[in-house]
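Colleague: I would like to go through this model with you, from the overall fold down to single residues. Please show it first.

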Amino acid sequence: MNGNDSLGKRKFKRSRSHFADRITADGQDGWPVEAGRYRLVVSLACPWASRALVVRRLLGLEDALSLAVTDPIQDDRSWRFTLDPDDRDPVLGIRYLSEAYDARETGYPGGVSVPAIVDVPTGKLVTNDFPQLTLDLMTEWTALHRAGAPDLYPEPLRDEIDAVMEDVYRDVNNGVYRAGFAAKQSDYEDAYRDVFARLDALSERLAGQRYLVGDTITEADIRLFTTLVRFDAVYHGHFKCNRNKLTEDPVLWAYTRDLFQTPGFGDTVDFDHIKRHYYEVHTGINPTAIVPLGPDLSGWETPHGRERLGGRPFGDGTPPAPR
């Protein structure tokens, strides 16, 4: 049985990352930063994985950290490499991400999640700790950053960034899932209210400043962006977060378009993967697996006007090279 059939039938609770080893400059967990040694596995559908994609691109880590992209449609063994020849990842040689989990811990009982970083020489999973993963790419992989890489987690602002990210995670990033996978009306309504109360507060905050913290793009913006960019396509309808669409909030719509049009953001987004994954995989809440044709995506490249607020997207750094 596909475990996704049970979504919406029991109280939703996000699992903690089971494999929390860190890849660090000093290799304190046994995994030293090393160019070419590790492979980042993502789904273009997943907002948590998309954070890692944006960070990898902004920091110029493409050559140092190779990338595997899974099929957006899972089966009973979860994430699979059916987009690659012979249905195998060409570097790891595996058909399913679960094989890297099994290589790390035989009989691991938990779910198989992305983003994940795999040690190429051994084929073992290193980490699926999505919150720490991007922070380590920013702070531990600095020797491999491109020239001109921006500082996405500036030390003087970390306390404020952390506080903003905690609110965004609880009420927005995870809040939409609490609403979408709620098994009781009261759980859904609580999550719905949390989502829109936080979005209202963020809209007010961003009405007078271009970015969430300081005058440059930080990890806080990346974490908010990956939920907002999916909002109208999947969370508004599929997850019943339907008080209003993103496009109906002038501030948040302009803010998200501003980021979308910034190199490293929109060029990592795949709306086809996003829509097919949510609507086809979450059969517990969409048993027909019908994928809607909308929404209209033509507005993403329209002028946003956020430049009037000032700000320097990359601070003292530079944008990544065009794709």
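The questions below go from the whole chain to its core, a helix pair and some backbone details.

Colleague: What kind of model is this, and how many helices and strands does the protein chain have?
Modeller: This is a predicted model. From the N terminus on, the elements run β-α-β-α-β-β-α-α-α-α-α-α-α-α. The count for the protein chain is 10 helices and 4 strands.

Colleague: What is the radius of gyration of the protein chain, set against the globule rule?
Modeller: The C-alpha trace spans about 50 × 50 × 35 Å along its principal axes. For 323 residues the globule rule gives 20 Å, and the chain comes close to that, so it is as compact as a globular protein of that length. The radius of gyration is 19 Å.

Colleague: Among contacts between residues at least 6 apart in sequence, what share joins residues at least 24 apart?
Modeller: Buried residues make up 52% of the 323 residues in the protein chain. Of the contacts in question, the share joining residues at least 24 apart is 71%.

Colleague: Which helix gives the largest share of the largest nonpolar core?
Modeller: The largest nonpolar core has 90 residues, and those with the most contacts inside it are Leu97, Leu199, Leu212, Leu224 and Phe231. The largest share of this core is 8 residues, and it comes from helix 1 (residues 47–59).

Colleague: Which residues does Leu224 touch, leaving out those up to four places away in sequence?
Modeller: Leu224 is among the residues with the most contacts inside the largest nonpolar core. With sequence neighbours up to four places away not counted, its partners are Val168, Val172, Asn173, Leu202, Leu206, Leu212 and Tyr255.

Colleague: Is helix 6 roughly parallel or roughly perpendicular to helix 9?
Modeller: The axes of helix 6 (residues 185–206) and helix 9 (residues 250–260) come within 8 Å and cross at roughly 70°. Angles from 65 to 115 degrees count as roughly perpendicular. Helix 6 is therefore, relative to helix 9, roughly perpendicular.

Colleague: How do the residues of the contact of helix 6 with helix 9 divide into nonpolar, polar and charged?
Modeller: From helix 6 come Leu199, Leu202, Ser203 and Leu206, which meet Val251, Leu252 and Tyr255 in helix 9. The division is 6 nonpolar, 1 polar and no charged.

Colleague: Is Thr256 buried or exposed?
Modeller: Thr256 lies in helix 9. Leaving aside neighbours within four places in sequence, Thr256 is in contact with Phe225, Leu228, Val229, Leu246 and Trp300. Buried means under 20% relative accessible area. At 1%, Thr256 is therefore buried.

Colleague: Which residues does the cis peptide bond with omega of about 5° join, and which does the one with omega near 0°?
Modeller: One cis bond leads into Pro115, in the loop between helix 2 (98–104) and strand 3 (116–119). The other leads into Pro295, in the segment after helix 10 (271–281). With omega about 5° the pair is Val114 and Pro115; with omega near 0° the pair is Gly294 and Pro295.

Colleague: Is Asp86 buried or exposed, and what about Asp87?
Modeller: Asp86 lies in the loop between strand 2 (66–69) and helix 2, as does Asp87. Neither is a glycine, yet phi is positive, about 60° at Asp86 and about 55° at Asp87. Exposed means over 50% relative accessible area, with partly exposed between that and 20%. At 52% Asp86 is therefore exposed, and at 33% Asp87 is partly exposed.

Technical notes:
Residues numbered from 1 in each chain as written. Predicted model: local features only at pLDDT ≥ 70, side-chain atom pairs only at ≥ 80, totals over all residues. Heavy atoms only, no water. Core = buried A, V, L, I, M, F, W, Y, C linked by side-chain atoms within 4.5 Å. Buried < 20%, exposed > 50% of the residue type's maximum accessible area, 1.4 Å probe, protein only. Helix = DSSP H or I, 4+ residues; strand = E, 2+ residues; numbered from the N terminus. Contact = heavy atoms within 4.5 Å. Axes fitted to C-alpha atoms, helices over the stretch in contact; angles between N-to-C directions. Parallel < 35°, antiparallel > 145°, perpendicular 65-115°, else oblique. Nonpolar A, V, L, I, M, F, W, Y, C, P; charged D, E, K, R; others polar. Rg over C-alpha atoms; globule rule 2.2 N^0.38 Å.
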